[in-house]
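Open the model in a viewer and follow the selections below in order.

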Amino acid sequence: MSGDPGILSFGAYIPRKRLQRAAVHSANAWFAPSLAGLAKGERAIGDWDEDTVTMAVEAARDTLVGFDRARVKSIALASTTLPFNDRLNSGIVKEALTLADSIAAIDVTGSQRAATSALIQALRGAVSDGDAQLCLASEMRKSLPASESELLSGDAAAGLLIGSGEPIARFLGAHSVTMDFVDHYRSAGMQFDYGWESRWIRDEGYTGLIGAALKDALAQLRVEPAAIDRLIVPIAARGVPEMLAQRAGMRPESVANTLVAHVGEAGAAHPFLLLAAALEQAKPGEKILLAGFGQGVDVLLFETTQALQKLAPRRGVKGSLARGIKDSNYMRWLFHRGILELDRGMRAELDQKQPGTVLWRHRKAVLGLVGARCSKTGAVQFPRSDISVSPDEHLAHTQEDYCLAERKARVVTYTADNLTYSPNPPAYYGMIDFEGGGRMTVEFADLSPEDIEVGREMQMMFRIKGVDEKRDFIKYFWKAVPVV
Amino acid sequence: MARGIKDRVAILGMGCTKFGERWDKDADNLMVEAYEEAIADAGIDTSQIDAAWLGVGFDAVNIGPSGIPLAVALRLSDIGVTKVENYCASGTESLRGAVYAVASGAADIALALGVEKLKDTGYGGLPVRSRGTTFDMIGLTGSAPGNFAQLASAYRATHRVSKDDLKRAMAHVSVKSHANGAKNPKAHLRKPVDMETVLNAPMIAEPLGLFDCCGVSDGAACAIVTTPDIARGLGKKNIVTIKALQICSSNGWELQQGGGWNGSYFHTTRVAAKRAYEEAGINRPREQISLTEVHDCFSITELVTMEDLFLSDEGKGWRDVLDGVFDADGSVPCQIDGGLKCFGHPIGASGLRMIYENYLQLLGRAGPRQRRTPPSLALSHNLGGMPSQNVSAVAIVGLADV
């Protein structure tokens, strides 16, 4: 029997740092005093070692809490800021999640509504019981200093697990329109967006296109506007969701918070992020209307079910917001995003060339943090080796794959290193012991200087280990971050 | 355990360059400088050398592969020359080659030379380098101070020592070595420092400040070894022999959770020390060892090494340090020549430099820093790698008739 298609699970990841908009504006006010009105609150910024792939991995791990990963049969990653143009970014995510090799994967890009469009495809394809499709959205936009986008954008990722059976939110239908409305664009090779006048975008784009699409969607789906419990319009411009709700005849209290005050607008990931936030708050039986906007409009309607209450606890948006730490170091962020050059010294000159053969051979260890467990003694080790790490036993060829990524760990030794090159000095690293066995020396991330000691509980996160700037290649690996 | 080589090999001559920023010298100039002192001390001719070993740590800014650079620099006479590399223990490793050649009878006279030209990198500290393509993807490439600083965090946690107490003990290690180095004309750093300066220096890798770190230097050191009989035949009166030479390499045990290593000490040093004491017939090291040169790349390394060599009780080394046990006038002086801290640390040369000092001290030739109590057995400890994975070399030399 095939059940209703819908959302089985959700997850989110927002990087820990919250750049204070006042700090940005105080640096740029001499040039752009008119941005004073936006210089309130904070936006999420990824650290130097994060990008849309690493954020997508974290959102996916959160989404898959409580689910058997073997159920995932496809993965879609939506973003307009993926690190690779021609290397399957969702393929990296798949390896990090140690999903089965026999799954489909696709990167969806090119528009701010890439994620909602991918979601519609996944929902319409959700027919087979038990199978699940992982839809991820992740965005980290680069903005010019002293731009509006710099203040309003935010870095974040979110995930939705789609399937049939017992969804937490049933899919009631969707409506799409496609029109080449160029409110902004970024041509191939461009680093930054080029945008048109905001008044025109508000009138013709938001009021005109989204307004009409919402109306048409409700008519098609035969739902009264007042029956909508949550309206999600992922637009950061002040008052736009409220204006659209009013025009469509929806209740003012149905308008979902856009998270602009603490996160910023996360581009293609924003619809998923806001949907995840809505699902966190919703009770069973609520109707959620989700819009995506970009050269047209996607509108999707969901109804939450009783299964929502059985969903395993997760970090989600709420937990991600709670992890936030204030950051006023605007210069550091510009450097991390490659907008500002610093004298990094000769130690930064180490060649980071990544031999493709080695990455292929060790892809499970590198991307999936797969070590090994001795089938005779149960001893866990990283990395895997032919002869067991325990020299007393001297057992050869007894090891089985053993993934350490989801294991908690504790700090055994640590330091804060000012000498080695790090884009975010000092470099914290040390030795950790995993619960259930296994030990490794590893870099630490997301650390506050006062929050590190022998015995500190840590968890693993997928991060950028290094960048080969000569050949434009990103090397990923896992780092330990404090459990917050 | 094998019978060992106690008293089967004698040191015929030694040499050591001034360590430091030798802007005017290439590696081969440094090799010649150390060699000329050693061969003059040995009183032999180049043609009498049967085999040679060269210890070098870093290739990138140095001499490139093989033993050929040594053969060419010294114009050795068509003998086998082997280059060895074992991290910062490469110097002692080169001596092991020469000593084993003599002990086995394969060579009558053999030469060991360690050299390092580090000051052509363009920056302070050791060159940043790869540890292999696989390691670079999953391993950690911190700085040397960062790797060793972790000893301190684990030592504090294991022995419940406060941050302040440990920092003061570490500072004492460095103050002592600076005082000793000031008396050594060949030392890289010859300025005494006080506790306040050490404690308030900029942080390099927590909790190691600038003065907790050794100097990175250019330099070379050389040993010429033979059998005691040949040495006597060449007219040598006071003979210094190898009492023990042990090297132990990590096999990954430290990085196994179940093994029980807690990050606060050197497993390999404990193993190598036990074997060396056994080889040398030493059962009361604190009383029998006259002086020590240990691998004080960082103050914390020296501190925990005193425990690993069984010269302090476990967890008590920091107190012994503060009590002055290892000062030049203490019961077991450590780094009477200034150590890596002040004599300097040209990687490949350091192990031989330690033995050079022990050799001079045993023969009463150490000048103003000569230990007044005549030493009879001297230990050197030469370490390579990092606490979690390393190679530890312990050499004990002494007067032949002791």
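What distance separates the centres of domain 1 of chain A and domain 2 of chain A, taken over C-alpha atoms? The separation is 28 Å. This is a predicted model, in which local features need pLDDT of at least 70 and side-chain atom pairs count only at pLDDT 80 or more, while totals for chains, interfaces and linings use all residues. Residues are numbered from 1 along each chain as its sequence is written, with chains lettered from A and ligands numbered from 1 in the order in which they are written.

To reproduce the two parts of chain A, select 4–336 for domain 1 and 347–369 + 404–482 for domain 2; such bounds come from an automatic or database domain assignment. Their contact (C-beta atoms, placed from the backbone, within 7 Å) takes 17 residues from domain 1 of chain A and 14 residues from domain 2 of chain A. On the domain 1 side, helices H2 (52–63), H3 (89–96) and H10 (330–336) of chain A each supply at least two residues. Helices (H or I, at least four residues) and strands (E, at least two) are DSSP runs, numbered from the N terminus.

Next, select 198–221 of chain A, helix H6. Its buried residues (20 or more other C-beta atoms within 10 Å of their own, placed from the backbone) include A:Ile201, A:Tyr206 and A:Leu214. Strand S8 (169–178) and helix H7 (240–248) of chain A are among the elements covering them. Just after H6(A) comes A:Arg222, with a positive phi near 55°.

Finally, go to chain B and select domain 1 (10–120 + 218–233) and domain 2 (143–209 + 237–399). The centres of these domains of chain B, over C-alpha atoms, are 23 Å apart. Here 37 residues of domain 1 of chain B contact 33 residues of domain 2 of chain B. H3(B) gives the most to the domain 1 side, with eight residues.

Note on methods. A residue is buried if 20 or more other C-beta atoms lie within 10 Å of its own, exposed if 12 or fewer, and partly exposed in between; C-beta atoms are placed from the backbone. Two residues are in contact if their C-beta atoms, placed from the backbone, lie within 7 Å.
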